[in-house]
Amino acid sequence: MGEQISDGGRETAKAAKTAAAGGSASAKKAAPARKTPARKTPAKKATAQKATAQKATAKKATAKKTAAKKAAPARGPAAKQASARKAAPAKSSAALKKAPAPRKQVVAPKKATASVPAAPAKTVAAHPQGESRTALGRRARRINRELAEVYPYAHPELDFENPFQLVVATVLSAQTTDLRVNQTTPALFAKYPTPEDLAAADPEEVEEILRPTGFFRAKTKSVIGLSKALVEQFGGEVPGRLEDLVKLPGVGRKTAFVVLGNAFGRPGITVDTHFQRLVRRWKWTDETDPDKIEAAVGALFPKSDWTDLSHHVIWHGRRICHARKPACGACPIAPLCPAYGEGETDPEKAEKLLKYEKAGRPGQRLRPPQAYLDAGGRAAPPLGAG
């Protein structure tokens, strides 16, 4: 019994040792499981450190923004505008990408409207060859030079001896020829030689003298009123300024420039019916209003050329470039004329259309300058001479 017990105790002890050994073995096997939490702990710490770093960075960024906001008032409105300008390109580029068309539609009409008042451009565009303004100016000045060679003796075709006679004769030349005025004024100036005499004249007597010029009643009223204005406002003298001349009864810009250019030697452009017709035929301008024609043509020439230019153009219109039948075949400036062919192009037929000295006939003045006579011109006969 005792041995059995002792044996049993031994067996129990062995079993206990075995259990203890097993426990240690299991403990050894379980050890890696214990080490695993220890290995995970650094990762958690690293993650925490990263999170902390990110928070710190975010705090620094927030601090910088806060500092910038605090500093913004110190920089003032200019800084705000600068920052707004920096931010603007991104927004404007995005807006342009989304809707470019509306911006173009808004801007284009303004540019078109601004370019509308360019009258010279309209004049140049009217030329069939698309002539530039520079080319137009050169051609216009060349035409004037050619006409100066053809009419070196060009002069005002009204007989006058002083500014008073010229202003009266120019007023009378409306709706009639210079020849008829030259044939009428000798009797008028013989009876009323000064503004004082004509201002005190009997209207009926003046009407009888001026009857051959047409519209004699209206012209009588004009020349008498003109003479009274000269006496009352200018001491009986014809003023030498445009703004004073146009105040006189019956005197417009055309008459004023005739007087200024030929009695006072002050440049001016005389836009009569011949001048208007020719400058449009030559495509110098498409304007129809005399004042606008004067401005458009004046811009193509130096001011010193204006008076002689008027003579050249008017003389050419009276002698060759007529209103109904231009003598294109006899025109010396045909190569420069865009309207060539509107009239007779056959040289022999065109020559028959020439007038005054170009056709061997008398001119319009009873007392022309000597240069005109030297060039082969003939004085016109007096009224009633046949």
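In this predicted model, phenylalanine 301 is in contact with Ala140, Arg141, Asn144, Trp284, Trp306 and Leu309, when its neighbours within four places in sequence are left aside. Phe301 also belongs to the largest nonpolar core, a set of 36 residues in which it is listed, together with Ile143, Tyr151, Phe275, Trp282, Trp284 and Val297, among those with the most contacts inside the core. The elements that contribute two or more residues to this core are α4 (133-150), α12, α13 and α14. Apart from it there is a second, separate core, which has 32 residues and includes Val168, Val238, Leu245 and Leu248. In soluble globular proteins, nonpolar side chains tend to be buried together.

Val168, from the second core, is also one of the buried residues of α5, which are Phe164, Gln165, Leu166, Val167, Val168, Ala169, Thr170, Val171 and Leu172. Because nine of the ten residues of α5 are buried, this helix is largely enclosed by the rest of the structure. The elements that cover its buried residues include α6 (178-191), α7 (195-199), α8 (203-210), α9 and α11. At the N-terminal end of α5, asparagine 162 acts as a cap, with a side-chain oxygen that lies 3.1 Å from the backbone nitrogen of phenylalanine 164.

The helix α5 also takes part in the lining of the largest pocket, whose volume is about 980 Å³. This pocket is lined by 46 residues, of which Ser173, Asp178, Lys254, Asp272 and Arg318 are the closest to its centre. Two or more lining residues come from each of α5 (163-172), α9 (216-234), α11 (253-263), α12 (273-281), α13 (290-298) and α14 (306-319), and it is α14 that gives the most, with six residues. By residue class, the lining divides into 15 nonpolar, 20 polar and eleven charged residues.

Two loop residues have a backbone angle that deserves mention. Glutamine 175, which is placed in the loop between α5 and α6, has a positive phi of about 65 degrees although it is not a glycine. With a relative accessibility of 67%, glutamine 175 counts as exposed, since the cut-off for this class is over 50%. Phenylalanine 215, likewise not a glycine, has a positive phi near 50 degrees and is found in the loop between α8 and α9. Its relative accessibility of 54% means that phenylalanine 215 also counts as exposed.

How values were computed:
Residues are numbered from 1 along each chain as its sequence is written. This is a predicted model: local features need pLDDT of at least 70, side-chain atom pairs count only at pLDDT 80 or more; totals for chains, interfaces and linings use all residues. Side-chain values use heavy atoms; hydrogens and water are left out. On a 1 Å grid over the protein atoms alone, a cavity is a set of points where a 1.4 Å probe fits but cannot get out, and a pocket is an open set with protein on both sides within 12 Å along at least five of seven lines; lining residues have an atom within 4 Å of a point. Grid points are joined across faces, edges and corners, and a volume is the space filled by probe spheres set on the points. Helices (H or I, at least four residues) and strands (E, at least two) are DSSP runs, numbered from the N terminus. Ala, Val, Leu, Ile, Met, Phe, Trp, Tyr, Cys and Pro count as nonpolar, Asp, Glu, Lys and Arg as charged, and the others, Gly among them, as polar. Buried means under 20% relative accessible area, exposed over 50%, partly exposed in between (1.4 Å probe, protein chains only). Contact means heavy atoms within 4.5 Å. A polar contact is a pair of N or O atoms within 3.5 Å; within protein, one must be able to donate a hydrogen and the other to accept it, and residues adjacent in sequence count only if both atoms are side-chain atoms. A nonpolar core is a set of buried Ala, Val, Leu, Ile, Met, Phe, Trp, Tyr and Cys residues joined through side-chain atoms within 4.5 Å.
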